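Student: Please take me through the largest pocket, closely. Then set that pocket in the rest of the chain.

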Amino acid sequence: MEAEVAETTLTETAVAEVTAELAELEDPRIREVNERHGDDHGVNLGKLRALAKRLKTQQELACRLWEAGDTSARLLALLICRPKAFGRDELDVMMREARTPKVQDWLVNYVVKKNPHSEELRLAWSDDPDPAVASAGWALTTERVARKPEGLDLTGLLDVIEAEMKDAPDRLQWAMNHCLAQIGIEHPEHRTRAIGIGERLEVLKDYPTSPGCTSPFAPTWITEMVRREHEK
């Protein structure tokens with residue numbers, strides 16, 4: 001019992017210390033830029049990663065930081081947790097709590113993709129009525145399109161994208177568009193159709209793109225990535 005109390009006190013002390021350090025790293029200018037993209041944090045991500053490297057893996061601390069609800073704390077939690085330690089239901093709850101794009105993106109890429117329940121969650125989330133959760137399912141599908149397409153119905157995915165992407169909410173639309181581009185890039189037999197869908201729907205056609213960056217407009221994205229592959 002005494003050991004449990006000591007461990008709890010130690011964790012609470014660590015949470016307080018880390019929270020204080022995150023507060024010191026807060027930069028109003030960074031927050032202003034992030035808020036334009038729907039992210040409510042003002043910590044430089046390089047400094048956040050450096051803090052995570054110093055803390056190393058600490059599952060209990062990660063869980064407590066997540067529970068704090070602060071976006072910077074949750075991002076740090078995702079860097080120091082053990083991805084395989086979470087149960088399916090835990091990850092489902094976390095996804096529904098992850099309301100900002102960066103937290104959701106890191107949760108999918110740094111935790112769910114490395115968890116044994118990832119495929120089960122991919123299937124459950126893809127059809128979820130919450131578009132933010134559905135976008136996570138599509139992100140996991142895009143990962144499979146690129147790395148493990150066996151068993152995927154690529155034609156069926158293109159059917160859904162063609163029917164639903166145009167009117168999908170922004171975050172879900174972005175995830176579906178990424179999947180469309182990935183199918184066109186990775187699977188030559190579906191490339192013509194993928195490009196055609198992109199051209200007809202014109203999703204992200206006018207998205208502002210910085211010089212030297214590839215447009216997220218699927219036909220342009222597909223064509224450019226295939227060209228680069230052929231030049232290798």
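Tutor: Helices (H or I, at least four residues) and strands (E, at least two) are DSSP runs, numbered from the N terminus. By that count the protein chain has 13 helices and zero strands. Read along the sequence, the pattern is α-α-α-α-α-α-α-α-α-α-α-α-α. This is a predicted model: local features need pLDDT of at least 70, side-chain atom pairs count only at pLDDT 80 or more, and totals for chains, interfaces and linings use all residues. Residues are numbered from 1 along each chain as its sequence is written, and side-chain values use heavy atoms, without hydrogens or water.

Start with the frame. The C-alpha trace of the protein chain spans about 65 × 40 × 35 Å along its principal axes. The chain has 232 residues, and 45% of them count as buried (under 20% relative accessible area; exposed is over 50%, partly exposed in between; 1.4 Å probe, protein chains only). Contacts (heavy atoms within 4.5 Å) reach along the chain. Among those between residues at least 6 apart in sequence, 62% join residues at least 24 apart.

Now the pocket. A pocket here is an open set of points on a 1 Å grid over the protein atoms alone, where a 1.4 Å probe fits, with protein on both sides within 12 Å along at least five of seven lines; lining residues have an atom within 4 Å of a point. The largest pocket has a volume of about 840 Å³ (space filled by probe spheres on the points, which are joined across faces, edges and corners). Its lining counts 25 residues. Nearest the centre lie Pro101, Asp105, Arg171, Trp174 and His178.

Which helices build that wall? Helix H7 (101-111), helix H9 (131-147) and helix H11 (170-186) each supply at least two lining residues. H9 gives the most, seven residues. By class, the lining of the largest pocket divides into nine nonpolar (Ala, Val, Leu, Ile, Met, Phe, Trp, Tyr, Cys, Pro), eight charged (Asp, Glu, Lys, Arg) and eight polar (the others, Gly among them).

Look behind the wall, at H7. Its buried residues are Val103, Gln104, Trp106, Leu107, Val108 and Val111. They pack against H9 and H11, which also supply the lining of the largest pocket. They pack against helix H3 (45-55), helix H4 (59-68), helix H5 (71-80) and helix H6 (88-97) too. Trp106 and Tyr110 both lie in H7, four residues apart, about one turn of the helix. Their exposure is worth checking. Trp106 has 3% relative accessibility, so Trp106 counts as buried. Tyr110 has 25%, so Tyr110 counts as partly exposed.

H11 leads on to the second largest pocket. That pocket has a volume of about 270 Å³. Its lining has 13 residues, with Gln182, Ile185, Glu186, Met225 and Glu229 nearest the centre. The elements that give two or more residues to this lining are H11 and helix H13 (218-231). H13 supplies the largest share, six residues. Five lining residues of the second largest pocket are nonpolar, three polar and five charged.

One last stop is helix H10 (residues 154-164), the place of Gly156. Gly156 has 18% relative accessibility, so Gly156 counts as buried. The C-alpha atoms of Gly156 and Arg82 are separated by 34 Å, with their positions 74 residues apart along the chain.

Keep H11 in mind as the link: this helix supplies at least two residues of the largest pocket's lining, and gives two or more to that of the second largest.
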